[in-house]
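This briefing concerns enclosed space and cysteine pairing. The structure is shown first, and the points on each topic follow.

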Amino acid sequence: MRVHTSEYLENLKSLNLDRKAARKLGFPLSNQLVERELRIAQGTIDGCVKAFKHGVAMNIAGGTHHAYTDHGEAFCLLNDQAIAARYLQHHQLAEKILIVDLDVHQGNGTAEIFRNDDSVFTFSMHGASNYPFKKEISDLDIALPDGADDDTYLNELKNTLPDLIAQEKPDFIFYLCGVDVLATDKLGRLGMSLDGCKRRDAYALSAFAKAKSPKNNRIPVQCSMGGGYSPEIKLIIEAHANTFRVARDIFI
Ligand SMILES: [Zn+2]
């Protein structure tokens, strides 16, 4: 309730969303679906707590960045990283938070939730012509053209991420590492290779691992999975597994 309105949550939990709001979700509304979203959000909160101990934590679900304050859309009911960010702030575990959203779809819900909040910086790099067609304004948006390849993507990231961390001085980082940036993705419109996606994760996670918080500590990182819609499921799993492999190599 620090993120979503009580009216929306009540309607969601009692399965009383009106037809239009329910249709926006993209999934049939059921108790199991609501339970699933609650577990995803709790997983991200638990991950944050573990990230303080281990440096990094990975949720094998989550990245539900299309959930707004008062409604859900596009397979996202509750915004897991926004909920966890508010949890950290409420419990005084973090003050300044950076959300790095590299899913191919813009983090529209996250941008709306933190629109007037300087304590959470929202960065989204996404496909310009991908859903959502009406984009919200994040603190920083980079919209890439259709077919953007590994070099284009990685150059943008290298030109942005280290400066952003240095400038914003977060004491906690959320990473939304969707693999729908792959050229093979059915929904994404970018042109990255499997190796390019792995190099993206390696670059981002190394930049996070190298950075220091304002108190000169390492900055804990929580990763949520985000999207992946390549027709070959093996490829999606390989790309997600690469994020874990890279995190293990960097943080352990
Ligand atoms: Zn996505």
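In this predicted model, the sulfur of Cys177 lies 4.8 Å from the closest cysteine sulfur, which belongs to Cys223, and this is too far for a bond. A disulfide requires two cysteine sulfur atoms within 2.5 Å, and a search of the whole structure finds 0 disulfides. Cys177 and Cys223 also appear together in the lining of the largest cavity. The search for cavities of 30 Å³ or more returns 2 across the whole structure.

**Cysteines**

- Cys177 counts as buried, at 4% relative accessibility.
- For Cys48, the closest cysteine sulfur is again that of Cys223, but the separation is 10 Å, so a bond is ruled out by distance.
- Cys48 is likewise buried, and its relative accessible area is 0%.

**Largest cavity**

- The space in the largest cavity amounts to about 50 Å³.
- Its lining consists of Met58, Asn59, Cys177, Cys223, Ser224, Met225, His240, Thr243 and Phe244.
- Two or more lining residues come from each of strand S1 (56–59), strand S6 (221–224) and helix H8 (233–251).
- Helix H8 is the leading contributor to this lining, with 3 residues.
- By class, the lining of the largest cavity holds 5 nonpolar and 4 polar residues, and no charged ones.

**Second largest cavity**

- The volume of the second largest cavity is about 40 Å³.
- The residues that line the second largest cavity are Ile99, Asp101, Gly107, Thr110, Ala111, Thr122, Phe123, Ser124 and Ser138.
- Strand S2 (97–101), helix H5 (108–113) and strand S3 (120–127) are the elements that each supply two or more residues to this lining.
- Strand S3 gives the most to the lining of the second largest cavity, namely 3 residues.
- The class breakdown for the second largest cavity is 3 nonpolar, 5 polar and 1 charged.

**Points to retain**

- Which residue carries the closest cysteine sulfur to Cys177? That residue is Cys223, at 4.8 Å, and Cys223 also lines the largest cavity.
- What charged content do the two linings have? The largest cavity has no charged residues in its lining, whereas the second largest cavity has 1.
- Which element gives the most to each lining? Helix H8 does so for the largest cavity, and strand S3 for the second largest cavity.

Notes:
Residues are numbered from 1 along each chain as its sequence is written. This is a predicted model: local features need pLDDT of at least 70, side-chain atom pairs count only at pLDDT 80 or more; totals for chains, interfaces and linings use all residues. Side-chain values use heavy atoms; hydrogens and water are left out. On a 1 Å grid over the protein atoms alone, a cavity is a set of points where a 1.4 Å probe fits but cannot get out, and a pocket is an open set with protein on both sides within 12 Å along at least five of seven lines; lining residues have an atom within 4 Å of a point. Grid points are joined across faces, edges and corners, and a volume is the space filled by probe spheres set on the points. Helices (H or I, at least four residues) and strands (E, at least two) are DSSP runs, numbered from the N terminus. Ala, Val, Leu, Ile, Met, Phe, Trp, Tyr, Cys and Pro count as nonpolar, Asp, Glu, Lys and Arg as charged, and the others, Gly among them, as polar. Buried means under 20% relative accessible area, exposed over 50%, partly exposed in between (1.4 Å probe, protein chains only).
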